Amino acid sequence: MKELTKAEEQVMQILWQLKKAFVKDIIEKMPAPKPAYNTVSTIIRILEQKGFVHHKAYGKTYEYYPIIEKSNYSKFYFNNFLSGYFNGSFEKLVSFFAKENDLDINDMDELMKHVKHDLKQEKDE
């Protein structure tokens with residue numbers, strides 16, 4: 001899996017949300033100023049080459065849909081980020097996050113409660 005550019009990620013976020021879409025549908029969901037049709041079409045074709053998107057043809061019109069799930073890309077992106085900036089250490093990431101956000105012990109306790117709750121919910125499912 002390859003990392004996405006900002007523009008590619010923006011298109012993928014919309015496709016993950018819509019599940020399937022024509023280029024005009026993607027443009028409609030983008031914030032102003034809207035990019036040109038050809039720009040979005042080019043990005044979609046690049047995403048197809050990278051293996052993130054596939055299409056169904058209706059004559060000369062293509063409907064695109066993601067073939068990589070958002071959760072899979074999130075894991076890939078996070079692991080790359082963790083590896084690139086924190087030598088793969090989750091502890092270093094948490095320490096950096098705590099320092100940058102000026103978290104105290106109570107904030108950390110609250111975070112731990114959320115993590116424990118989420119882990120328990122995953123086990124119960």
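## Helix α4 and its surroundings

In this predicted model, Asn 87 adopts a positive phi of about 50° immediately after helix α4. The helix itself covers residues 70–86, 17 residues in total. At 1.5 Å a residue, these should span 24 Å, and the end C-alpha atoms lie 23 Å apart, so the expected and modelled spans agree.

Four residues of α4 are buried: Tyr 73, Phe 76, Leu 82 and Phe 86. These buried residues pack against two other helices, α1 and α5, the latter comprising residues 90–100. As general background, an α-helix has 3.6 residues a turn, so residues three or four places apart point the same way.

## The loop before α4

Ile 67 lies in the loop that joins strand β2 (61–66) to α4. Its relative accessibility is 48%, and because the partly exposed class runs from 20% to 50%, Ile 67 is assigned to that class.

Beyond its neighbours within four places in sequence, Ile 67 is in contact with Gly 51, Phe 52, Val 53 and His 54. For one of these partners, Phe 52, the C-alpha to C-alpha distance from Ile 67 is 5.5 Å, although the two residues are 15 residues apart in sequence.

## Packing of α1 and α3

Two packed helices are described by the angle between their axes and the distance between the axes. Helix α1 comprises residues 6–18 and helix α3 residues 37–49; their axes come within 10 Å and cross at roughly 85°. The angle falls between 65 and 115 degrees, and α1 and α3 are therefore roughly perpendicular to each other.

On the α1 side, the contact is formed by Ala 7, Glu 8, Val 11, Met 12 and Leu 15, while α3 contributes Ile 43, Ile 44, Ile 46 and Leu 47. Sorted by class, the contact of α1 with α3 contains eight nonpolar residues, no polar residues and one charged residue.

## Overall architecture

The chain contains six helices and two strands. Their order along the sequence is α-α-α-β-β-α-α-α.

The radius of gyration of the chain is 19 Å, whereas a compact globule of 125 residues would have a value near 14 Å. Along its principal axes, the C-alpha trace spans about 60 × 35 × 30 Å. Of the 125 residues, 23% count as buried. Considering contacts between residues at least 6 apart in sequence, 45% join residues at least 24 apart.

Note on methods:
Residues are numbered from 1 along each chain as its sequence is written. This is a predicted model: local features need pLDDT of at least 70, side-chain atom pairs count only at pLDDT 80 or more; totals for chains, interfaces and linings use all residues. Side-chain values use heavy atoms; hydrogens and water are left out. Axes are lines fitted to C-alpha atoms, for helices over the stretch in contact, and angles run from 0 to 180 degrees between N-to-C directions. Angles under 35 degrees count as roughly parallel, over 145 as roughly antiparallel, 65 to 115 as roughly perpendicular and the rest as oblique. Contact means heavy atoms within 4.5 Å. Ala, Val, Leu, Ile, Met, Phe, Trp, Tyr, Cys and Pro count as nonpolar, Asp, Glu, Lys and Arg as charged, and the others, Gly among them, as polar. The expected span of a helix is 1.5 Å times one less than its number of residues. Buried means under 20% relative accessible area, exposed over 50%, partly exposed in between (1.4 Å probe, protein chains only). The radius of gyration is taken over C-alpha atoms; the globule rule is 2.2 Å times the number of residues to the power 0.38.
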